[in-house]
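Visitor: I am new to this structure and would like to go through it one step at a time. Could you show it to me before we start?

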Amino acid sequence: MQQTTETTAATYKERIGKLQAAMKEFGYQAVVLEPGPAMVYLTGVRWGKSERTFAVVLPAQGEPVWVLPGFEEARARELIHVGDDIRVWQEDDSPYERIVQGIKDRAAGTPAGPPRVGIDEAARFFVFDGIRKLAPKLDYTSAATILKQGGVDSTPPPGRGRGGAGRNE
């Protein structure tokens, strides 16, 4: 009998659910992930980084919000196992506007005060900076602690370097 190592959509939903419980406990409104170990572990999506932003907003409650270049939409839909809120951006659009809007759209029921948003360590500075410039009143922090609380080991495997594919699939 052939064994499969494929992770199911239900498993990814469970992993996201565990992270969302930790986010609620520690007062996070959302976590923003770029391609890297945490994105692979939580969603199963492996995506190479380029100058075009590909990200997912994981809110404290509700479905993920995917933000990606319009010309990559068909390919991305084949890879996305969890969530169908896909917000594409075109060359003359800002992906950061889509990310910020995704954070705001999923904000219902989050703690009072400046919303806390975790930024994954795999995220590049220009992505964080683009988000921060559009939403300067959010409370930004590293997502490392909340990801760990949610059961995510976002450490790249030895020899793969930062931003490489994760081992925790």
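Visitor: How far apart are the closest N and O atoms in the salt bridge of Arg116 with Asp139?
Guide: This is a predicted model, so the distance is computed from predicted positions. Arg116 lies in strand β5 and Asp139 in strand β6, so the pair ties together parts that are 23 residues apart in sequence. The closest N and O atoms of this salt bridge are separated by 3.6 Å.

Visitor: Are Arg116 and Asp139 buried, partly exposed or exposed?
Guide: Buried would need a value under 20%, and exposed a value over 50%. Arg116 has a relative accessible area of 30%, and for Asp139 the value is 30%. Arg116 therefore counts as partly exposed, and Asp139 is likewise partly exposed.

Visitor: In which sense do β5 and β6 pair, and over how many bridges?
Guide: Strands of a sheet pair through backbone hydrogen bonds, either parallel or antiparallel. Val117 stands opposite Tyr140 in β6. For β5 and β6 the sense is parallel, and the number of bridges is four.

Visitor: Which strands stand at the edges of the sheet?
Guide: The sheet is open and has six strands with mixed pairing, in the order β4-β3-β2-β1-β5-β6. An edge strand has a single partner, so one side of it is left without a neighbour in the sheet. The strands at the edges are β4 and β6.

Visitor: What does the twist average from one strand to the next?
Guide: The twist follows the order β4-β3-β2-β1-β5-β6. From one strand to the next, its average is 25 degrees.

Visitor: Why are the buried residues of α4 on the same side of the helix?
Guide: Helix α4 covers residues 95–105, and its buried residues are Pro95, Tyr96, Ile99, Val100, Gly102 and Ile103. They are on the same side of α4 because the arc they cover around the axis is only 155 degrees.

Visitor: Which elements do the buried residues of α4 pack against?
Guide: Helix α4 lies across β1, β2, β3, β4 and β5, and runs at about 155 degrees to β4. Its buried residues pack against these strands and against one helix. The full list is β1, β2, β3, β4, β5 and α5.

Visitor: Which residue caps the N-terminal end of α4?
Guide: A side-chain oxygen of the capping residue lies 3.2 Å from the backbone nitrogen of Tyr96. The residue is Ser94.

Visitor: What do the buried residues of α5 pack against?
Guide: In α5, which spans 125–134, the buried residues are Val127, Asp129, Gly130 and Ile131. They pack against β1, α4 and β6.

Visitor: Asp129 forms a salt bridge with Arg132; how far apart are the closest N and O atoms?
Guide: Both residues lie in helix α5, three residues apart, which is about one turn of the helix. Asp129 is buried at 12% relative accessible area, whereas Arg132 is partly exposed at 33%. Their closest N and O atoms are 2.0 Å apart.

Visitor: Is Arg87 buried or exposed?
Guide: Arg87 is in strand β4. Beyond its neighbours within four places in sequence, its contacts include Val65, Trp66, Arg98 and Gln101. Its relative accessibility is 16%, and the cut-off for buried is under 20%. Arg87 therefore counts as buried.

Visitor: Which residues are linked with Arg87 in a network of salt bridges?
Guide: Side chains of opposite charge can pair when their charged atoms come close. The side chain of Arg87 has a polar contact of 2.9 Å with that of Asp85, and another of 2.8 Å with that of Asp105. The residues linked with Arg87 in the network are Asp85, Asp105 and Arg106.

Visitor: How many salt bridges does the count come to?
Guide: Another of the pairs is Glu51 with Arg52, with the closest N and O atoms 2.8 Å apart. Glu51 is exposed at 56% relative accessibility, while Arg52 is partly exposed at 28%. The count of salt bridges comes to twelve.

Visitor: How far apart in space are Glu6 and Gly44?
Guide: Glu6 is in the segment before α1, and it counts as exposed at 65% relative accessibility. In sequence, Glu6 and Gly44 are 38 residues apart. In space, from C-alpha to C-alpha, the distance is 9.5 Å.

Notes
Residues are numbered from 1 along each chain as its sequence is written. This is a predicted model: local features need pLDDT of at least 70, side-chain atom pairs count only at pLDDT 80 or more; totals for chains, interfaces and linings use all residues. Side-chain values use heavy atoms; hydrogens and water are left out. Buried means under 20% relative accessible area, exposed over 50%, partly exposed in between (1.4 Å probe, protein chains only). Helices (H or I, at least four residues) and strands (E, at least two) are DSSP runs, numbered from the N terminus. The arc is that of the directions from the helix axis to the C-beta atoms. Contact means heavy atoms within 4.5 Å. A polar contact is a pair of N or O atoms within 3.5 Å; within protein, one must be able to donate a hydrogen and the other to accept it, and residues adjacent in sequence count only if both atoms are side-chain atoms. Two strands pair if DSSP finds at least two bridges between them. Axes are lines fitted to C-alpha atoms, for helices over the stretch in contact, and angles run from 0 to 180 degrees between N-to-C directions. A salt bridge is a side-chain nitrogen of Lys or Arg within 4 Å of a carboxyl oxygen of Asp or Glu.
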